[in-house]
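Please find below my notes on the model you sent, set out point by point. They begin with surface charge and then turn to the chain as a whole and to a nonpolar surface site.

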Amino acid sequence: MEQQATTTAAAPYLPDELIAEILSRLPARSLCRSKCVSRRWRHLITDPSPCFYFWTHYDGVQHRWDFVATNGDGGPPRQVDSSLSFLPSSSWEKVEVLDSCNGLLLLRCCCSPATGDGPPQPAFYVVCNPATKEWVALPQPSLEPGFDDFYTKTCRAALGFDPSVSSHFHVFQLEEEERCYDHYVSAVEIYSSETGAWVRKEKRWYRLTGHMTFLNGFLHLTTWENVLATRRRQGPDMEDHPGAVQWGVWEWFRQPLSRPLGVHGCPNQTDGCAGDLCS
Amino acid sequence: MEVDKGKGEAEETRKVAEADRDTVTLKSSDGKLFEVSKEAAARLSTVLAGMIAGGSIDDNGTDLKQIGSEALENVVDYCNKHANSIPSAALISSSISFNTAPFKEPEEWERKFVDRLSHDALFDLVEAANFLGMERLLDVTCHKISEMMKGKSPDQIREVFNIKNDYTKEELEEIRQELAWAFYDD
């Protein structure tokens with residue numbers, strides 16, 4: 001009875017922010033179904049803003065991580081433990097956030113030496129989801145993460161994760177080599193959470209600015225030569241699995257920049273610029 | 001001198017009494033007055049906490065022009081119930097424990113509190129909770145509405161939210177095909 005009386009008289013519209021609050025509590029399937037309700041709802045569900053990103057900043061003592069919002073009030077989204085207190089990091093000497101991608105974080109961690117003056121422990125990668133408090137430590141790649149003897153460095157790594165395509169993620173460790181006192185990318189080692197293994201690919205030389213973004217199944221790297229270098233996927237399965245990451249055969253390709261990239265010269269999901277470049 | 005002193009004391013007593021009052025009076029858009037526990041209001045609503053701390057609470061009823069009497073009554077009811085309820089272990093436990101989700105499921109009384117509301121009252125309460133910065137009440141009401149949506153068809157959801165379908169038949173078919181996986185067994 002009450003049901004009948006009230007549904008017809010229901011408040012016609014809640015403001016967008018409240019609809020978004022409600023939608024954010026739905027399980028994935030109900031959320032996707034809700035795209036059929038109206039154009040406005042579909043826009044709310046697919047619109048990437050307001051977006052929250054992890055970022056690191058240096059507070060004078062160490063690098064810390066925090067949230068930054070592309071718009072809105074700038075506060076951290078609820079239900080996410082931004083202090084990463086779920087990690088057993090008390091037994092880890094050092095934890096650095098290297099990258100974030102669609103809700104996952106890539107960390108480089110290092111355990112304290114077994115004895116006070118013992119040899120330093122090798123660093124290792126951890127991928128975690130601060131919303132679900134899940135984390136996994138990756139097996140070691142062929143070169144230790146964060147290795148740097150000047151001639152060879154593995155200081156840069158990136159994370160690739162697109163939950164709309166696959167629940168698996170990829171981690172990219174770049175190997176850089178010294179040439180005439182400058183460092184150029186010489187190889188990439190890629191970890192797949194699906195296979196649980198690293199695969200190493202040697203390739204050409206690029207001098208990177210350090211900005212890397214994973215978008216539409218590609219890892220994008222900005223270089224000092226004012227080009228966008230992209231790890232492009234190729235392979236027979238591409239048609240069957242649009243967006244699936246195929247790293248079997250690959251190549252760098254150079255693309256002159258026709259317009260400036262997003263913030264800090266780093267292509268991002270919202271400006272669509274990198275998407276233009278790889279199409 | 002005697003008189004002055006007496007007056008000063010009376011003034012002092014009045015001030016103390018004001019500060020000691022353990023309720024505040026809120027006035028809805030349609031002019032109805034409601035008493036609410038000051039402690040609970042300050043704890044549950046960032047907006048009311050700010051008003052109490054800033055001294056902008058009016059003894060004759062603080063105007064909340066955006067909130068109707070039915071919604072305000074529910075807000076006040078929720079605050080007063082919260083003031084009387086003993087927080088359970090779940091509510092006071094730290095959010096940094098390893099296995100619990102940061103969102104705490106509604107307490108039994110909170111569930112009953114929102115279950116008895118009509119759609120209209122529930123929607124008005126969501127807006128009031130949002131306006132007053134009542135994070136917990138917003139959580140509980142949004143949670144309730146999202147539960148109402150689970151397993152419902154787009155048509156049923158439109159009915160609940162009183163939304164007009166502005167898709168063409170072709171567009172809708174296209175989206176449905178794209179999201180076919182989301183429509184299996186329900």
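**Notes on the predicted model**

1. In this predicted model, Glu70(B), Glu73(B), Asp124(B) and Glu127(B) together form a negative patch on the surface. Two helices of chain B, α4 (69-84) and α7 (119-131), each supply at least two residues of this negative patch.

2. Glu70(B), one of the residues of the negative patch, lies in helix α4 of chain B. Glu70(B) has a relative accessible area of 45% and is therefore classed as partly exposed, since that class lies between the limits of 20% for buried and 50% for exposed.

3. As for the chain that carries this patch, the secondary structure of chain B consists of 10 helices and three strands, and these follow one another along the sequence in the order α-β-β-α-α-β-α-α-α-α-α-α-α.

4. Of the 186 residues in chain B, 37% are buried. Among the contacts in chain B with a separation of 6 or more, 65% are between residues 24 or more positions apart. Chain B exposes about 10700 Å², of which carbon and sulfur atoms supply 52%.

5. Turning to chain A, a nonpolar surface patch is made up of Phe150(A), Tyr151(A) and Tyr181(A), whose accessible area together is about 410 Å². Where in chain A does Tyr181(A) sit? Tyr181(A) belongs to the loop that runs between β9 (169-179) and β10 (182-192), and Tyr181(A) counts as exposed because its relative accessible area is 70%, where the class requires over 50%.

Notes
Residues numbered from 1 in each chain as written. Chains lettered and ligands numbered in written order. Predicted model: local features only at pLDDT ≥ 70, side-chain atom pairs only at ≥ 80, totals over all residues. Heavy atoms only, no water. Patch = residues over 30% accessible without salt bridge, like charges linked within 9 Å, V, L, I, M, F, W, Y side chains within 5 Å. Areas by Shrake-Rupley, 256 points an atom, 1.4 Å probe, with all protein chains shown as cover. Salt bridge = Lys/Arg side-chain N within 4 Å of Asp/Glu carboxyl O. Helix = DSSP H or I, 4+ residues; strand = E, 2+ residues; numbered from the N terminus. Buried < 20%, exposed > 50% of the residue type's maximum accessible area, 1.4 Å probe, protein only. Contact = heavy atoms within 4.5 Å. Lys, Arg positive; Asp, Glu negative; His and termini not counted. Charge placed at Lys NZ, Arg CZ, Asp CG, Glu CD.
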